[in-house]
Amino acid sequence: MVFSSLVFLFVFLPIVLILYYISSDKLKNYILLVCSLFFYAWGEPKYIFLMIISISVNYVFSINISRNNKTKRMWLIFSLIFNLGILIVFKYTNFLVRIINSAVNTNWHLPYIPLPLGISFFTFQIMSYLIDVYRNDAEVQKNIFDLALYISLFPKLIVGPIVQYRRVGKQIRNRKHSLNKFALGVERFIIGLGKKVIFSEQLGIVADAAFNSQISDLSVMGGWLGVLCYTLQIYYDFSGYSDMAIGLGKMFGFDFPENFNYPYISQSISEFWRRWHISLGNWFRDYVYIPLGGNRSGLKKQCRNLFIVWLLTGIWHGADWTFIAWGLYYGVLIIFEKLFMGRWLHKLPEVFRHVYLVFWVMIGWIFFRSESIIQAKNFIKVIMGINDNLLYDNSFLTYIDNSGYLIILAILFSTNVIPKMKDLMKRKNKNLFENNLGYCLHSVFLSSILFIAVILLVNSTYKPFLYFNF
């Protein structure tokens with residue numbers, strides 16, 4: 001079940017909200033827990049047992065880690081081996097077998113192991129909890145049902161954001177509900193739904209056409225259009241899901257951290273990754289980069305630490321060489337910025353810094369989207385004009401004619417132009433958004449987004465979020 005489905009919108013969510021708000025405060029967490037497990041079982045019924053086993057085993061680990069004695073370090077190591085082992089078995093076994101077969105010329109075959117939904121996200125959340133308990137940064141959760149709710153809470157279960165326990169632990173037992181907070185949650189959810197259905201899915205049509213084309217049939221401009229659409233598609237897909245997750249959290253009284261902050265307005269790769277998938281960046285910073293020494297031990301070791309973090313970031317995203325190349329690609333760029341490129345960038349006009357950022361990010365998305373390193377290399381050769389491909393063709397002109405307006409709007413809304421305009425209008429007319437007319441216009445705007453999204457959903461096929469694959 002996905003947030004952008006009619007079953008979720010008109011069956012699951014209304015039922016959960018009714019059950020939640022008619023129940024007493026003592027029962028609210030149990031209602032959410034049961035509904036969250038049902039939500040996960042809807043798409044992965046056989047893996048609900050994996051979720052329950054993981055919760056139970058990690059509960060035991062956390063209790064033993066919380067005991068300040070000589071064995072707590074041993075229990076932490078056991079817990080990390082257990083959780084990383086599950087992740088490796090389900091996500092990386094097939095990839096590792098392919099590597100071994102290629103390296104030693106064997107022909108091992110294993111049954112295909114399906115990837116449980118959200119395993120990378122909830123595994124990282126579990127490990128952050130265990131590490132925080134070990135560090136005494138968070139109190140151990142002695143109620144197994146409350147720990148289960150933290151791990152399985154459906155708004156953030158499948159695609160994050162990766163919420164660290166110390167940021168949400170107190171909210172599990174004591175959180176505030178209000179009509180205003182609920183309304184903000186509904187607003188945020190609708191905006192996220194619009195991002196996914198109106199922008200991401202429509203832009204994906206153009207992106208898929210480009211990346212699924214034969215390299216010989218792809219024009220230079222068609223290739224650039226495909227990369228541009230994928231660049232926008234993945235932003236609206238993932239940030240849209242994050243908006244929906246944050247909005248759902250508010251409906252149930254939770255305050256989840258932001259996961260995106262207009263990343264495409266950045267002017268360096270380092271800034272981009274402070275704005276894109278913020279929760280993942282914070283996780284690697286807190287649990288890998290800083291423990292390795294961060295930037296405290298000189299530039300050479302800082303570069304080593306960055307290289308390790310970005311290698312792991314690539315591996316986290318997927319079991320394929322394309323993701324490893326993508327991670328190392330960003331690692332090298334960020335290291336270059338630390339060594340010398342950052343000083344040069346600061347001397348350039350803002351527009352050139354922005355062009356620099358957008359260009360390298362778009363190239364990076366080619367590796368992320370491609371099926372193989374060879375496809376990525378050939379795609380880059382086409383858009384750089386190295387091959388003899390046409391400059392443009394009829395397909396390019398058709399997509400521009402049909403989707404040009406949508407691409408322009410998507411570019412505009414991916415920046416902070418709209419918030420700036422809203423702030424400017426507020427300063428000029430403080431009462432504009434506080435009177436009945438302002439509330440009416442705002443409601444009409446949100447209702448229109450919801451109406452358009454539902455119409456598109458009725459006429460579309462199942463399209464999961466891109467990050468379901470990770």
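In which helix is the place of Q302? Q302 sits in helix 13, which covers residues 299-317. The structure shown here is a predicted model, and the views below take up parts of it in turn.

**View 1. Q302 in helix 13 and the residues it touches.** Is Q302 buried or exposed? Its relative accessibility is 9%, so Q302 counts as buried. The cut-off for that word is a relative accessible area under 20%. Leaving out residues up to four places away in sequence, Q302 touches Y289, G294, N295 and K338.

**View 2. The two domains of the protein chain.** Domain 1 takes in residues 6-175, and domain 2 takes in residues 181-459. The contact between them involves 40 residues from domain 1 and 37 residues from domain 2. Taken over C-alpha atoms, the centres of domain 1 and domain 2 are 26 Å apart. Together the two domains bury about 3300 Å² between them, and 73% of this area is on carbon and sulfur atoms.

**View 3. The largest nonpolar core.** This core holds 137 residues. Which of its residues touch the most other members? They are F3, F8, F154, F252 and W365. Helix 10, residues 220-251, gives the most to this core, with 15 residues. Both domain 1 and domain 2 give residues to the core, so it lies between them. As a general point, nonpolar side chains in soluble globular proteins tend to be buried together.

**View 4. The surroundings of F252.** F252 is one of the core residues that touch the most other members. Which residues is F252 in contact with, leaving aside its neighbours within four places in sequence? The contacts are L13, V16, L17, Y20, Y21, L32, F154, R175 and H177. One of these, F154, is also listed with F252 among the core residues that touch the most other members.

**View 5. Polar links across the interface of domain 1 and domain 2.** How many residue pairs are in polar contact across this interface? The rule finds 14 such pairs, with both residues at pLDDT 80 or more. On the side of domain 1 that touches domain 2, at least two residues each come from helix 1 (6-22), helix 4 (72-104), helix 5 (119-135), helix 7 (154-157) and helix 8 (165-173). Helix 1 supplies the largest share of that side, nine residues. Across the same interface the rule finds one salt bridge.

**View 6. A network of salt bridges around D286.** D132, R166, R285 and D286 are linked in this network. D286 forms a salt bridge with R166, and their closest N and O atoms are 3.2 Å apart. D286 also forms a salt bridge with R285, where the closest N and O atoms are 2.9 Å apart. Relative accessibility is 9% for D286, which therefore counts as buried. R285 has a relative accessible area of 36% and is partly exposed.

**View 7. Two salt bridges within helices.** The structure holds 14 salt bridges, and this view takes two of them. The side chains of D25 and K28 meet in one, at 3.7 Å from N to O. Why are D25 and K28 separated by about one helical turn? They are three residues apart in helix 2, residues 25-43. D25 is exposed, with a relative accessible area of 67%, whereas K28 is buried, with a relative accessible area of 7%. The other salt bridge joins E271 and R275, whose closest N and O atoms are 3.0 Å apart. E271 and R275 lie four residues apart in helix 11 (residues 269-275), about one turn of the helix. Both of these residues are buried.

**View 8. Helix 6 and its cap.** Helix 6, residues 144-152, is mostly covered, with seven of its nine residues buried. Which residues of helix 6 are buried? They are D146, L147, A148, L149, Y150, I151 and S152. The buried residues of helix 6 pack against helix 2, helix 3 (48-66), helix 5, helix 7 and helix 8. At the N-terminal end of helix 6, N143 acts as a cap, with a side-chain oxygen 2.9 Å from the backbone nitrogen of F145.

Technical notes:
Residues are numbered from 1 along each chain as its sequence is written. This is a predicted model: local features need pLDDT of at least 70, side-chain atom pairs count only at pLDDT 80 or more; totals for chains, interfaces and linings use all residues. Side-chain values use heavy atoms; hydrogens and water are left out. A nonpolar core is a set of buried Ala, Val, Leu, Ile, Met, Phe, Trp, Tyr and Cys residues joined through side-chain atoms within 4.5 Å. Buried means under 20% relative accessible area, exposed over 50%, partly exposed in between (1.4 Å probe, protein chains only). Domain bounds come from an automatic or database domain assignment. Contact means heavy atoms within 4.5 Å. Buried area is the accessible area (1.4 Å probe) that two parts lose on being put together, summed over both. A salt bridge is a side-chain nitrogen of Lys or Arg within 4 Å of a carboxyl oxygen of Asp or Glu. A polar contact is a pair of N or O atoms within 3.5 Å; within protein, one must be able to donate a hydrogen and the other to accept it, and residues adjacent in sequence count only if both atoms are side-chain atoms.
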